[in-house]
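Reader: Labels in a structure description rest on cut-offs. Please take some of them and show what each one rests on.

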Amino acid sequence: MLDLTNLTLSLSFVSVLIFLFFISSSKQPTKNPCPDSYPIIGNVIALLRNHRRFHDWVTEMLSKTPSLTLQVNSFLNLSHGIATANPVNVEHLLVSNFANYVKGSRYQDLYELLGHGIFGVDGHLWTTQRKIASHEFSTKSLKKFISEVVESEISSSLMPYLARKCDQNSVVDLQQVLQEFTFTSICKVAFGVDPSTTSDLPFVKAFDDAVENCLSRFISPLPVIWKIKRYLNVGSEKKFKEDISIVNRFSMEVIKAKQEKKLEVHEENQGKNQDLLSRFMLLTSNMEFEANGNERLFLRDIIVSFVLAGKDTTASALTWFFWLIAGNPRCATMIQKELSSSKHVGTSSAQETPAKFSYDELKKLHYLHAALSESMRLFPPVAMNTRLTLEDDVLPDGTRVKKGWFADYSAYAMGRMEGVWGQDCREFKPERWLTPDGVFKPFDQFRYPVFHCGQRMCLGKDMAYVQMKAIAASVMHEFDVLAVDGGGSPEKMMNPPYMLTIVLKMRGGLLVRLRRRKRSVRINN
């Protein structure tokens, strides 16, 4: 009886698959079919096969389509969407038809950690937070506060640590060092808290684990599985809930502590070494919070969003930058010459206090700015972004998009498209960003959506560059950074060692040795 039951179920399952195959096969072929997608199973097999090289797999598929756009069908056609690396389509998604392409329920499901924060919402909630954040990020006081935090961390923590490791001739995981540095910095900027001094250190690991689970949801070939696990509260989804609880507890304790201090709302007190949380509390004191419960939840969602945005993105960008520089010694020499001419004249082997670069000096480092931009072109911290389509639409290249479809664009793939960047698109060439006079010249934002585009352009873009330039300048002025694996040479670029996370991290870390450079000596006039 049991064997007969199993046989009946098996035959029924096969019958359903055969039926779905003929239904799928009978449909008209799409304009831009996905090369690795098949009836019924969609792209599941190819996704599993290419899991470790996901972004290069997507790049290869997009490069095979004349319009740099393809249609994606999931297992059993449970979801549909498009992926593009076409700048014209990106402009359409993010500017021309902005209202039709939203974060939507799909994004909120995938990135549940963000709650109702600015990066995961649309409409009134997004407009309100964007307005507040835009105001604060444009103030000189916040820029000054962030600059002071970064400068303090560089001189008191980063450089002394690297100096000790250099003197010990130790191998350093520079990616880990940069992650810890940027995490401490963003917590001070966002919460006004140094995570190394708090007793709630599980917050750090819980935050990282929660972020990784969000990524697992995003790339899951069978989304129904994680949704079932969430409903049953088992496995990774149970752990995810526990991680979010830890993040929430830490965030709420910080918010509560600040509220109990009864911050005075006077204009003369605003902008004096205040973190983002304090600033938002001052600006939202008279707001109504019907959207997501209460003021503390509102503040929690905002701050967690900014921690996510600033925690690993800068570390990721700098990790790939140092890897590429290590594999391209000519570019390293160009940067070091620029640093020397900006800061000093003459040389000495004396070990002096590490040089500090002022804001005005950093602005003059055009080649360094170009090298960082070129590094992010090839290795954007956020390699792929997604939207949800509200109504049927036709993209500028003729691709049809249906209501409810996802619409993804790959900044990683765009940086590797000959049609976008030319035949040398896979080469690390900072010079492409410079005028003949050596002045940095930005490219069109739709060719380079590393900081997003249009109305959702990253508000912290300029300050991110300042932070990256300050760190890179300080480290490269003091040390030669020698990658254990030789760095990002043209050969290594063929198979870059990234791992699949929300932020493009280096698999196995960036292992380096540091060698002191001959220090320059300032000659005063």
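Reader: R130 is buried. How do you know that R130 has no salt bridge?

Author: The nearest side chain of opposite charge, D462, is 11 Å away from R130. A salt bridge needs a side-chain nitrogen of Lys or Arg within 4 Å of a carboxyl oxygen of Asp or Glu, so at 11 Å R130 has none. For charge, Lys and Arg count as positive and Asp and Glu as negative, with His and the chain ends not counted. "Buried" means under 20% relative accessible area, "exposed" over 50% and "partly exposed" in between (1.4 Å probe, protein chains only). The model is predicted: local features need pLDDT of at least 70 and side-chain atom pairs pLDDT 80 or more, while totals for chains, interfaces and linings use all residues. Residues are numbered from 1 along each chain as its sequence is written, and side-chain values use heavy atoms, leaving out hydrogens and water.

Reader: Which backbone oxygen does the side chain of R130 reach, and what makes this a polar contact?

Author: The side chain of R130 reaches the backbone oxygen of M457 at 2.8 Å. A polar contact is a pair of N or O atoms within 3.5 Å; within protein, one must be able to donate a hydrogen and the other to accept it, and residues adjacent in sequence count only if both atoms are side-chain atoms. The R130 distance of 2.8 Å therefore falls within the limit. R130 is found in helix α6, residues 123-137; helices (H or I, at least four residues) and strands (E, at least two) are DSSP runs numbered from the N terminus. Leaving aside neighbours within four places in sequence, R130 is in contact (heavy atoms within 4.5 Å) with I118, Q455, R456, M457 and L459.

Reader: Why are W320 and F379 called stacked?

Author: Rings of Phe, Tyr and Trp (its six-membered ring) pair if their centres lie within 6.5 Å; planes under 30 degrees apart count as stacked, over 60 as edge-to-face and the rest as tilted. The ring centres of W320 and F379 are 4.1 Å apart and the planes stand at 5°, so the pair is stacked. W320 is in helix α14 (residues 313-327) and F379 in the loop between α17 (366-378) and β6 (384-389), 59 residues apart. Both W320 and F379 are buried.

Reader: What makes the pair of W323 and F379 edge-to-face?

Author: The angle between the planes of W323 and F379 is 80°, with 5.9 Å centre to centre. The angle passes the edge-to-face limit and the distance meets the pairing limit, so the label applies. Here too the pair links distant parts of the chain, with W323 in helix α14 and F379 56 residues apart. A search of the whole structure finds 23 aromatic pairs. Elsewhere, F183, F191, F203, F207 and F250 form one aromatic cluster.

Reader: How do you know that the charged end of R416 sits over the ring of Y412?

Author: The charged end of R416 is 3.8 Å from the centre of the Y412 ring. The rule asks that NZ of Lys or CZ of Arg be within 6 Å of the ring centre and within 35 degrees of the ring normal. R377 likewise lies over the face of W421, at 5.1 Å from the ring centre.

Reader: What makes D167 and R516 a salt bridge, and where do they lie?

Author: Their side chains meet at 3.4 Å, N to O, so the distance is within the salt-bridge limit. D167 is in helix α7 (residues 140-167) and R516 in strand β13 (residues 511-516), 349 residues apart. D167 counts as exposed because its relative accessibility is 54%, whereas R516, at 24%, is partly exposed.

Reader: With which residues does K239 form a salt bridge?

Author: K239 pairs with D209, the closest N and O atoms being 3.0 Å apart, and with D243, at 2.9 Å. K239 lies in helix α11 (residues 235-260) and D209 in helix α9 (residues 202-219), so that pair ties together parts 30 residues apart in sequence. K239 and D243 both lie in helix α11, four residues apart, about one turn of the helix.

Reader: Why is D243 called buried?

Author: D243 has a relative accessible area of 4%, so it is under the limit and counts as buried. K239 has 35% and is therefore partly exposed, as is D209 with 23%.
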